[in-house]
Amino acid sequence: MVQKLVAIPGPTPVVRSIQNEMGRETVAFGDPNFIKDYKELLNDMMELWDATGQVFVIAGTGTMSMEMAIANTMRSGDNILIVSHGFFGNRFIEICERRGINVDVIQSEWGQTIPVSDIEKKLSEKHYHAMTVTHVDTSTGVAAPVAEIGEMMKKFPETLYIVDGVCATAGEPEKLNAMNIDVLLTGSQKAFGVCPGLAILWANEKALARRKSFGMIPDYYIDFEKWIPIMEDPSKYFATPAVNLIWALKESVNIIKKEGIENRYQRHIKYAKATQAALESLGFTILADKEHRAVTLSNVLYMDGINDVEFRKILAEEGAVVAGGLAAYAGKMFRFGHMGNIDEHYLVSVMGAIERTLIRCGIEIEVGKGVGTLLGNLR
């Protein structure tokens, strides 16, 4: 049986040292060694992401962290601007509308980004209590210019800048203070290379003050105020922490520290450019504009003559699993995740499987061209 390489945009491959942490014998959440590990992880998360305020690492999902961000910063009747570059940017719409929040949306064509000047113009039209931006939208492979947007946001100090980093954090550069980000949210299963199960969120002092000004909110489990005492002192109890996943994330962060976070960002850039050049050499097209392409995944448009279901079925037989397109691009493209703790061997193996699949689908290619282009760009 062929071992399949997971090349979807999350969950991403989990390396052995992280798997080992997930497989440890579970201890009581009050175990002194676990408390020490949890606190060290939280401290590292604050330092590596240039954050002040509070980081929350709790059992949950990326979607839950989206809801947590909104629940603690917005009230019914408040105004929010949602900057959407695709399917997951739009997810904020329903989250907000269910809470009675007044929603305005500024939306790009899939594969493009919204100019920062357009966002600034929209913000100047009325007071918004917050604005959301998805750093990398998994549906389009577009990366928003979060640093440039953050600089612009200095003109609107009363508007919280909320960044969805689910498919970006630990792969795309993110620094809360330097980029003027008030809330950054993510999950464990993408560029961290841990299995699904943790919601991660950073909130700076401005965001925490907004939450405190509300008094009691309807939400219980995702309330900042419930979790702050535990994040400050993990020996306290509110709800059971995901013990083994905390250890796994700690190992992921240790890997990041050993590699160096700036080196990690550069590696993701190198891998993305090499992968995208290789795919284009085989005749594919990348959906995202070249200047706005994410480094964590590629959204790959098929050439004529490819049936999506057949392609992905054969690719799985050849040893690699990719994701299908979403919404209007369902059946028209596949999504190839190349983030986290993957290595060059992984990329070469997936590219070889793609070449073999094209041949089996009846597409004429120069054998080895994709792999050769990949390796040429990695050196």
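**Exercise 1. Find the volume of the largest pocket and describe its lining.**

*Solution.* The largest pocket has a volume of about 430 Å³. The residues closest to its centre, out of 21 that line it, are K290, E291, H292, R293 and V295. Here a pocket is an open set of points on a 1 Å grid over the protein atoms alone, with protein on both sides within 12 Å along at least five of seven lines, and a lining residue has an atom within 4 Å of a point. Points are joined across faces, edges and corners, and the volume is the space filled by probe spheres set on them.

A word on the model: it is predicted, so local features need pLDDT of at least 70 and side-chain atom pairs count only at pLDDT 80 or more, while totals for chains, interfaces and linings use all residues. Residues are numbered from 1 along each chain as its sequence is written, and side-chain values use heavy atoms, with hydrogens and water left out.

Next, turn to the helices. Both α6 (146–153) and α10 (261–281) supply at least two lining residues each, and α10 gives the largest share, six residues. Helices are DSSP runs of H or I with at least four residues, strands are runs of E with at least two, and both are numbered from the N terminus.

Finally, sort the pocket lining by class: twelve residues are nonpolar, three polar and six charged. Nonpolar covers Ala, Val, Leu, Ile, Met, Phe, Trp, Tyr, Cys and Pro; charged covers Asp, Glu, Lys and Arg; the others, Gly among them, are polar.

**Exercise 2. Do the same for the largest cavity.**

*Solution.* A cavity is a set of grid points where a 1.4 Å probe fits but cannot get out. The count is one cavity of 30 Å³ or more, and the largest cavity has a volume of about 50 Å³. Its lining includes F29, F34, Y38, W227 and K236. Helices α2 (32–48) and α8 (224–232) each supply at least two of the lining residues. By class, this lining has ten nonpolar residues, no polar ones and one charged.

**Exercise 3. Describe the whole fold.**

*Solution.* Start with the elements: the protein has 13 helices and 15 strands. Its radius of gyration is 21 Å, close to the 21 Å that the globule rule gives for 379 residues, so the protein is as compact as a globular protein of that length. That radius is taken over C-alpha atoms, and the rule is 2.2 Å times the number of residues to the power 0.38. Along the principal axes, the C-alpha trace spans about 65 × 55 × 35 Å.
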